[in-house]
Structure formats: structure tokens, C-alpha cells
Amino acid sequence: MVSPLSVPPPAALTPVREKFLPFNRASFDESEEQELVATLRSGWLTTGPRTKQFEADFAAYQQTKHAIGLNSCTAGLHLALLALGVGPGDEVITTPHTFAATCNVIVHVGATPVLADIEPDTLNLDPAHVETLITPRTRAIVPVHFAGHPVAMPAFRALRDRHGVALIHDAAHATESLSAGKSIASDGDITCFSFYATKNLATGEGGMLTTNDDAIADRVRMLSLHGMSRDAWKRYTESGYQHYDVAEPGFKYNMFDLQAALGLHQLRKLEGFWARRQFLARRYGAALADLPGIRLMGVRPDVRTAHHLYVIRLDPDIGISRDAFMAGMQQQHIGVGVHFRPVHFLSYYRDRFGWTPEMWPVASLAGEQCVSLPLDPGLTEADQDDVVTAVRRLLAASH
Ligand SMILES: Cc1ncc(COP(=O)(O)O)c(C=O)c1O
């Protein structure tokens, strides 16, 4: 079968630049390098003082009581469901417009994923559609704050309170996001963040779960490290070795100090990174707004988006398919991404649940139209001009 990405663009296009512009580059400098070396020299590599410090700093940044360092956002989502006791017979409502991990963890705990459609301007879960899907078996709603734009927080809080279901926020994109001036996590509901290599705060692999609930925090911490009663840092203290107990079989999901060494400094630079993302996002907006056939993402009032991704949508009648557009961008030496192939397009979910595109028309259309352009704090204005030139040339060649 021919991959859609191998479909050639409408005309042979020469590169707009010599060196390929990657879709995303991590932003590290001497501060992370020195901290990594110091961590290695300290002799303590696994979960220890730097992880504890990063957790404390992150909790303060998010205005939450607990922050638990993990090896991924996926681990956080998985432990969130387990900590709430979600399992077979339960339903969990989430969005099709996400990375598969959001849905995979629901399957892992034996619960049934239920998808609601998304809103056309932000591509975030539509609370009105969610409400129609709530049944006595619904235990949790997992909103994804797509590209860093907060979901309609007041509406989701109202659903939580009216129906007695838990909110587990997939905030993989939303570390700096604000709704009415407050972070997604500040409400105290379980919120999971990603520090994957391409994320706004990057530690290569990594994640954090926040909550204001003491019991959930204790359980997540215990499950993140084999179900043990003490982590290694507490076991091997100067006062001597202490035995541990295992109350239930847990997982190996803990963050370790080499990750935290990066995270500590990424967090200190995060607001500066965000300001640069905002500047670049506005600059893209100004350069692309007049292009027919391209739709830009909406920003609702009273929110701050984290500007994790810069997503454009191609109109169906534009004269070029999304995948040919992507091939044309690559041919011009510009890296691009797709966020996301909706969960119901993926064979496991299609086959197991019988999900079809007609069931979620907004998400299905978005899944065919979205292209993410490069956006990271290290992007120069000249880089960005190259991206815009490549988009314009490609569209001009398609008509
Ligand atoms: C919306 C969303 N949720 C969850 C994840 C999983 O994050 P991680 O790679 O940290 O497990 C991602 C990762 O890309 C994501 O985009």
C-alpha cells in the first residue's frame, strides 16, 4: 500500500532553505548541562533530592498541594484511573482528538472509553456533548487541553459537581495554560502533565501528576514505585537501611534525578519560553490570516493558551490534500506534524469498538485537515518566514 505521505505535492518545489528545519527542537543551555553534570557527580541518579525539589517547584508553579514526578504523562493518566478505583464495568468519557495514550490507559484499567465530539474553534472536548453521554456507569471525564488551549473549565466543573464524576485533566499540552487567570491544576482535580522531548517543558521523557487530595497523592506515589512503602531515597538514609513493604503490586513509573535536573531549569525558563511562543504564534497569525483555504485556531476570551502547537486547518476544497501538503512542506525542507489522527481512526479502536468517522463528525474532519507548523522558543523570525513562504508557495502551486 502506498503511504499517503508518499503522495507527491502538486508541483516539484525547491527547498525554501538549505538546512532542514525540524518540526521541533528542545531548548537547553548551560544551566541544564551543568545540573546534569552536578547530578552525575553527586552519585545519586534515581528518585532523590532533585526530583523532590522539582516536585516542590512544580506544585508552587501550578498552585497545587501535591506534585508527583513520573516517567510520563501516560503513567500519570494510568495511575489517576487506578487511584480513583476505575475498572471493569466503568465508563470514562474523553475526546477522539488526542494522542492514543489518553484512551489506551482507559483500556488498560479494563474500563470502557466513551468518546464525545469536539468544538470546531478550539478542537477541545464539547461539554454539551459530554453531558449527553453521562450514564450511571460514568466514573470520570478526561478533558485534553488541546495545543494548550484550556477546555471550557466552568462547564466541566459543573458536570463534575452535577453528576458526581471525577475530572482527570490531560494537561500534556497545558503546563502554562490559564483559565480565568488560574492554572488547570489549581482546582485540585487530578491533572497530568507531559515533559516528553517535544513538550513546552522537556525532560526527554517525564511527567507529573498534581492533586490537592492527600489520599490520592499517597496512592499515586506508592503505585508509581512498585507499590512500595518507601522510595529508595528514604530507604538508604544516613540513619541506616530500612525495610520496605509492598501493600499492592505497583508499577515502575517514578521520575529520576537526571530527568529532574533538566526539569528544574526548564521550569525556571518556562515563562520566558512562553512569551516567545506567544510572540511567534501571533506572528504566524498575522502572516497566515489572509490566506484563503487555511483556517487558524480560535482563542476564547479569559484564557491563556500554552501555545504548545501551532495548528492550521486546510479547507477541503483547497486543491491539495493534507498529506500532499505535508509532503510539499517536507520537500521544501520544513518539518511538520499531525495532531492528531483521531483515536477512532486507529485500527485497534476501530476494530474493537466499531467506531466510525460519522460518529464524531467534527473530530473526523479535523483529523483530515490539521497540520502543525514548527513552533519552539528557538525558532528565529527568519526560520518562521521560511515556513510562511513554504506554505504560500505550496498553496499557490495547488490552484
Ligand atoms: C494529549 C496527550 N496526552 C498524553 C500524551 C502522553 O504523554 P507522554 O509521552 O508524556 O506519556 C501526549 C504525548 O504526546 C499527548 O499529546
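Into which domains is the chain divided? In this predicted model, domain 1 takes in 4-25 + 271-398, and domain 2 covers 30-266. If you mark the centre of each domain over its C-alpha atoms, the two points lie 27 Å apart.

Let's look at how these domains meet. Domain 1 brings 28 residues to the contact, and domain 2 brings 27 residues. On the side of domain 1 that touches domain 2, at least two residues each come from helix H9 (257-288), strand S13 (303-304) and helix H12 (361-369). Of the elements here, H12 gives the most, with 4 residues. Sorted by class, this side of domain 1 has 18 nonpolar, 7 polar and 3 charged residues.

Now turn to a pair of helices, H3 (residues 73-83) and H4 (residues 100-108). Their axes come within 9 Å and cross at roughly 35 degrees, and the crossing is right-handed. H3 makes the contact through Thr74, Leu77, His78 and Leu81, while H4 answers with Ala101, Thr102, Val105, Ile106 and His108. This contact has 5 nonpolar and 4 polar residues, with no charged ones.

The ligand is a good next stop. It is surrounded by 14 residues, and the closest are Ser72, Cys73, Thr74, Ala172 and Ser194. Here you meet the two helices again: H3 and H4 are the elements that give two or more residues to the shell around the ligand. Thr74 is a handy residue to find in the view, as it is listed among the closest to the ligand and also takes part in the contact of H3 with H4. By class, the ligand shell has 6 nonpolar, 7 polar and 1 charged residues.

Key: Residues are numbered from 1 along each chain as its sequence is written. This is a predicted model: local features need pLDDT of at least 70, side-chain atom pairs count only at pLDDT 80 or more; totals for chains, interfaces and linings use all residues. Axes are lines fitted to C-alpha atoms, for helices over the stretch in contact, and angles run from 0 to 180 degrees between N-to-C directions. A crossing is left-handed if the near helix is turned anticlockwise from the far one by less than a right angle, and right-handed if clockwise. Two residues are in contact if their C-beta atoms, placed from the backbone, lie within 7 Å. Ala, Val, Leu, Ile, Met, Phe, Trp, Tyr, Cys and Pro count as nonpolar, Asp, Glu, Lys and Arg as charged, and the others, Gly among them, as polar. A residue is near a molecule or strand if its C-beta atom, placed from the backbone, lies within 6 Å of it. Domain bounds come from an automatic or database domain assignment.
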